[in-house]
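Biologist: I have a model open on my screen and would like to learn how to read it. Could you take me through it, one feature at a time?

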Amino acid sequence: MAARRALVVGGSMSGLFVATALLQDGWDVQVFERSPVPLSSRGAGIIAQPQVRRTLGALGLVVPDGFGVDVSRRQTLDRAGRIVATATDPLIATSWNRLFGVLRAGFPDDRYHLDHDLAGLAEDEGGVTARFARQGEVRGDLVVGADGFRSNVRRLLFPTVEPLYAGYVAWRGLVAEEALPPDTHRDMFGHFSFGLPPDEQILGYPVAADGNEAGAGRGRYNFVWYRPAGTDDLARLLTDETGQTHDISIPPPLIARAVVDEMRRHADAVFAPQFRTLIRLTEQPFLQPIYDLEAPRMAEGRVALVGDAAFVARPHVGAGTAKACDDAMALAAALRAKTDPRAALARFAAERGPVGERIVAQGRHLGAYMTRDFATADQRLRAERHRSPEAVMAETALLHFLAA
């Protein structure tokens, strides 16, 4: 009897978690990535939550030495650079590239296909057909949409679902460990650090370097700085030097020089010296507008959505990779429990949909710190609670709320 075939659309984290789990269960898995070139990030730091590390072990993937950096100690710095609050929560930070490298190395090359842009889906009683823009059609028993924030699978299932702008942006950057002055390295490297000027928030933590050099103890420092920006201001931030305004996001090299200069001046006015040094040393900052996105369902017939294709939560939660691996393992378990793919996907959606909703809600809850306009007095009071260092450190990038 031929193996059941799963077509996984999207070859990043979510896609590889799903594909690896289903391959181990005996599925004929094919991964289709829209990018024509191998994926890589610009080195963004990520938190490897405990379930991520457990899932890597369950899938038998080899995690190299120096995979992550311990960032268990938390501290908040005031404008003068003094520590005003501390906390401890065990966490490991790594980089997007290192985690992706572990997943990609563990998945067969002949099942991973670049330059496949999904254009259509057609389901019938016997299976589902994926139509690609240039390569024609591929038939399978089910399709998994793991193609992220800009998901084509989600667009085909739910064409009216759009990302909702949260009213603020994140500036992000990375600085090589060896570039840090000794005093900044002493104060920041090895710590998860926060700065909380009014209506803004910055956090930073060390991450493993890409490649084998992380094993030698060298890494980078990653920061994320949240700033309010109305819709008119967002359009200005997304307008490049030629006057073109980009949709949703802007490639870092195209950010206008005046926008970067203004960002650096504001940083000098509001942040501790340690954070000012990090921002000054960042050669190419990234700009990330913050959005919420919720699909109405995580499955429709023989098609499922996982990871950011289904729910996009604000980065404060630190749940992106954890959500991806938990979705993957739940989907594999549902398919083991039920032979009918449609029944299995319905079971998966019923289990994971409420979790995705809770994660998005938690992101809104944490992001209220950056909100200036509130619909009710109760919303304002709840937001005020998250303006204290203790509250921010107790909830940022921690998933305790999922166990509540």
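Modeller: Sure, and keep in mind that this is a predicted model. Let's begin with charge: the protein chain carries 46 positive and 49 negative side chains, and the centres of the two sets lie 2 Å apart.

Biologist: What about secondary structure: how many helices and strands are there in the protein chain?

Modeller: You'll find twelve helices and 20 strands. As for overall form, the radius of gyration is 21 Å, close to the 22 Å that the globule rule gives for 404 residues, so the chain is as compact as a globular protein of that length. The C-alpha trace spans about 70 × 50 × 45 Å along its principal axes.

Biologist: And what percentage of the 404 residues is buried?

Modeller: Buried residues make up 55% of them. The accessible surface comes to about 16,900 Å², and 52% of that belongs to carbon and sulfur atoms. You can also look at who touches whom: among contacts with a separation of 6 or more, 71% are between residues 24 or more positions apart.

Biologist: How should I think about the inside?

Modeller: In soluble globular proteins, nonpolar side chains tend to be buried together. Here the largest nonpolar core has 75 residues, and Phe 17 and Leu 56 touch the most other members. Helix α9, residues 320-337, gives the most to this core, with nine residues. Apart from it there is another core, of 30 residues, including Val 175, Leu 234, Ala 256 and Ala 272.

Biologist: Which residues does Leu 56 touch, not counting those up to four places away in sequence?

Modeller: Its partners are Phe 17, Leu 61, Val 63, Phe 67, Leu 99, Val 102 and Leu 103. Leu 99, Val 102 and Leu 103 are also among the buried residues of α3.

Biologist: Then let's look at α3. Is that helix mostly covered or mostly open?

Modeller: First the general idea: an α-helix has 3.6 residues a turn, so residues three or four places apart point the same way. Helix α3, residues 96-105, is mostly covered, with eight of its ten residues buried. Besides nonpolar ones, the buried set includes Asn 97, Arg 98 and Arg 104.

Biologist: Loops always confuse me. Where is Ser 35 found, and is it buried or exposed?

Modeller: Ser 35 sits in the loop between β2 (28-32) and β3 (45-47). The cut-off for buried is under 20% relative accessible area, and Ser 35 has 15%, so it counts as buried. Setting aside residues up to four places away, Ser 35 touches Leu 114 and Asp 115. Ser 35 and Leu 114 are 79 residues apart in sequence, yet their C-alpha atoms are 5.9 Å apart.

Biologist: What is the phi of Asp 115?

Modeller: Phi of Asp 115 is near 60 degrees, a positive value in a residue other than glycine. Asp 115 lies in the loop between β8 (112-113) and β9 (118-124), and at 27% relative accessibility it counts as partly exposed. Asp 199 also has a positive phi, of about 65 degrees. Asp 199 is in the loop between β14 (192-195) and β15 (201-208), and is partly exposed at 21% relative accessible area.

Biologist: One last loop: which residues is Asp 78 in contact with, leaving aside neighbours within four places?

Modeller: Those are Val 84 and Ala 272. Asp 78 lies in the loop between β5 (73-77) and β6 (83-88). Ala 272 belongs to the core of 30 residues.

Methods
Residues numbered from 1 in each chain as written. Predicted model: local features only at pLDDT ≥ 70, side-chain atom pairs only at ≥ 80, totals over all residues. Heavy atoms only, no water. Helix = DSSP H or I, 4+ residues; strand = E, 2+ residues; numbered from the N terminus. Rg over C-alpha atoms; globule rule 2.2 N^0.38 Å. Buried < 20%, exposed > 50% of the residue type's maximum accessible area, 1.4 Å probe, protein only. Contact = heavy atoms within 4.5 Å. Areas by Shrake-Rupley, 256 points an atom, 1.4 Å probe, with all protein chains shown as cover. Lys, Arg positive; Asp, Glu negative; His and termini not counted. Charge placed at Lys NZ, Arg CZ, Asp CG, Glu CD. Core = buried A, V, L, I, M, F, W, Y, C linked by side-chain atoms within 4.5 Å.
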